[in-house]
Amino acid sequence: MGINEFFETILGQKLSNQYSWGCFVPVRKSMCLTIWKEEIHRGRVEVHSEIPYRNKAGHINHNWTSRKKDLEMVKGGVTTFGVLISCGRMIGEDTWNIMDLNSNQIFQLSDLQYDEATKKWTMAVDLCNPTPVEAVKFNKDVSENTLKEYTEAYRTVGRATNLGWEFIGLNSDVATLTHGTKIMTVKLSDGSYSR
């Protein structure tokens, strides 16, 4: 099974193109990102570099731009999973192609961190604790109960959902909602929002 078929038939969301690095999966209310086995070190995996990847013509790779947008949703508390792929090559080789894909399990990613020295974002991944694909989803009930503790934010989210926005993520700072391709974050501290 190829990566495109996996995303479309197993996760339920077609990738934007055959070389995409992952996407938000609305039916599961989760971000699913491809992660390279070769880039996992000490329980952490690179999920984005602030240094743009460029194509042979020198233009910024559009998948790098898409991953940067995906990272904003991850920062907003969207549940994130890694789809483990492997190229079977050593780090530093120019061309990586997917040689292996784990299509039965994916891995929850957490603890997003930025390393100023390398200009890379990493997340924690536990390869000893896989998640069955059918269990991948955002737990809205638990998040709504937590959100109720923040009265103003809870009211703002309630008004937004009445207008058609969908509650998809929560972290210690913000609640995240989507409406089509639009993203809104609501600050837990005061209920203010930004799009």
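Helix α2, residues 62-75, gives the largest share of the lining of the largest cavity: four residues. This model is predicted. α2 also gives the largest share, five residues, to the lining of the second largest pocket. So two spaces are described here, a cavity and a pocket, and a cavity is a set of points where a 1.4 Å probe fits but cannot get out, while a pocket is an open set.

**The cavity**

- The structure has one cavity of 30 Å³ or more.
- The space in the largest cavity is about 30 Å³.
- Seen along the chain, its lining is made of S20, W21, G22, N63, S66, R67 and D70.
- By class, one lining residue of the largest cavity is nonpolar, four are polar and two are charged.

**The second largest pocket**

- This pocket holds about 420 Å³ of space.
- It is lined by 21 residues, and those closest to its centre are C23, F24, D70, M73 and T181.
- Four elements each give two or more residues to this lining: β1 (22-25), α2, β10 (166-170) and β12 (182-187).
- Among the lining residues of the second largest pocket, six are nonpolar, eight are polar and seven are charged.

**Where the two linings meet**

- D70 helps line the largest cavity, and D70 is also one of the residues closest to the centre of the second largest pocket.
- Helix α2 supplies four residues to the cavity lining and five to the pocket lining.

Conventions. Residues are numbered from 1 along each chain as its sequence is written. This is a predicted model: local features need pLDDT of at least 70, side-chain atom pairs count only at pLDDT 80 or more; totals for chains, interfaces and linings use all residues. Side-chain values use heavy atoms; hydrogens and water are left out. On a 1 Å grid over the protein atoms alone, a cavity is a set of points where a 1.4 Å probe fits but cannot get out, and a pocket is an open set with protein on both sides within 12 Å along at least five of seven lines; lining residues have an atom within 4 Å of a point. Grid points are joined across faces, edges and corners, and a volume is the space filled by probe spheres set on the points. Ala, Val, Leu, Ile, Met, Phe, Trp, Tyr, Cys and Pro count as nonpolar, Asp, Glu, Lys and Arg as charged, and the others, Gly among them, as polar.
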